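Subject: Handover of a structure and notes on it

Dear colleague,

I am passing the following structure on to you. Please find it below, together with an account of what was found in it.

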Amino acid sequence: LESQLLERENDLKHEYEENISALQNDLAVSEERRKKNDRAAEELEAMKDELDVLKHSSSRLDLTEEQLRKCKAKLADFQDVRAQLDREEEARERAVQQVIELENELNTLAPLRRQLETYKSRATDAEVKLVDIPNELEKL
């Protein structure tokens, strides 16, 4: 009986040691899982923070893209204005050139005008003399 009890005690010790070993293995596995879960939680928290930053950056990007679109529209408007200004400058240059040509033409016509006035005066004098000649002929 004593040997059976000793054998039973040894079996129970061996079973107890195996149970402790299995529990220690389970504990090690659980610790490893806990560490993985902790790392995953930290990584998740870091990703949430990065997501918040990216959301903020996304809204800023949307705002910046809208500003860029407006600037491009203004640039297109300014290009239209610039083209119109160039056309106006060309028209002004043509008008100035035309005024210069007309002034030159007027300057060349001024002596002819004086000559025309002289001819008119002479013609008037000649007409007066022509009218006076028959009167003078009658007097004679």
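The notes below go from the overall form of the chain to its charges, its salt bridges and its surface patches.

Please bear in mind throughout that this is a predicted model.

Overall form

The chain holds one helix and zero strands. With a radius of gyration of 58 Å, well over the 14 Å that the globule rule gives for 140 residues, the chain is more spread out than a compact globule. The C-alpha trace spans about 200 × 20 × 10 Å along its principal axes. Helix α1 covers residues 2-139, and Leu140 lies in the segment after α1.

One pair of residues illustrates the extent of the chain: Arg114 and Glu66 are 48 residues apart in sequence, and their C-alpha atoms are separated by 71 Å. Arg114 itself is found in helix α1 and counts as exposed, because its relative accessibility of 56% is over the 50% cut-off.

Accessibility and charge

Buried residues make up 0% of the 140 residues in the chain. The accessible surface of the chain amounts to about 13,500 Å², and carbon and sulfur atoms account for 55% of that area. The chain carries 24 positive and 36 negative charges, and the mean positions of these two sets are 9 Å apart.

Salt bridges

Side chains of opposite charge can pair when their charged atoms come close. In this model the count comes to five salt bridges, and the following are among them.

Lys13 and Glu9 meet through their side chains in a salt bridge, with an N to O distance of 3.6 Å. These two residues are separated by about one helical turn, because they are four residues apart in helix α1. Lys13 is partly exposed at 45% relative accessibility, and Glu9 is likewise partly exposed, with a relative accessible area of 39%.

Arg34 forms a salt bridge with Glu31, and the closest N and O atoms of the pair are 2.9 Å apart. Here the spacing in helix α1 is three residues, so Arg34 and Glu31 are also separated by about one helical turn. Both partners count as partly exposed: Arg34 has a relative accessibility of 40%, and Glu31 has one of 34%.

Arg82 forms a salt bridge with Asp86, the closest N and O atoms lying 3.7 Å apart. Both residues belong to helix α1 and are four residues apart, about one turn of the helix. Arg82 is partly exposed, with a relative accessible area of 49%, and Asp86 is partly exposed at 30%. Salt bridges that share partners also join Glu31, Arg34 and Asp38 into one network.

Surface patches

Glu7, Asp11, Glu15, Glu17 and Glu18 gather in a patch of negative charge on the surface. One of these residues, Glu17, is found in helix α1.

A nonpolar patch on the surface is formed by Ile133, Leu137 and Leu140, which together have about 380 Å² of accessible area. Of this group, Leu140 has a relative accessible area of 87%; Leu140 is therefore exposed, as this value is over 50%.

Which residues would you look at to follow the network of salt bridges that share partners? They are Glu31, Arg34 and Asp38.

With kind regards

Notes
Residues are numbered from 1 along each chain as its sequence is written. This is a predicted model: local features need pLDDT of at least 70, side-chain atom pairs count only at pLDDT 80 or more; totals for chains, interfaces and linings use all residues. Side-chain values use heavy atoms; hydrogens and water are left out. Buried means under 20% relative accessible area, exposed over 50%, partly exposed in between (1.4 Å probe, protein chains only). Patches are made of residues with over 30% relative accessible area and no salt bridge: like charges are joined within 9 Å, nonpolar side chains (Val, Leu, Ile, Met, Phe, Trp, Tyr) within 5 Å. Accessible areas come from the Shrake-Rupley method with a 1.4 Å probe; for residues, only the protein chains shown count as cover. A salt bridge is a side-chain nitrogen of Lys or Arg within 4 Å of a carboxyl oxygen of Asp or Glu. The radius of gyration is taken over C-alpha atoms; the globule rule is 2.2 Å times the number of residues to the power 0.38. Lys and Arg count as positive and Asp and Glu as negative; His and the chain ends are not counted. The place of a charge is taken as NZ of Lys, CZ of Arg, CG of Asp or CD of Glu.
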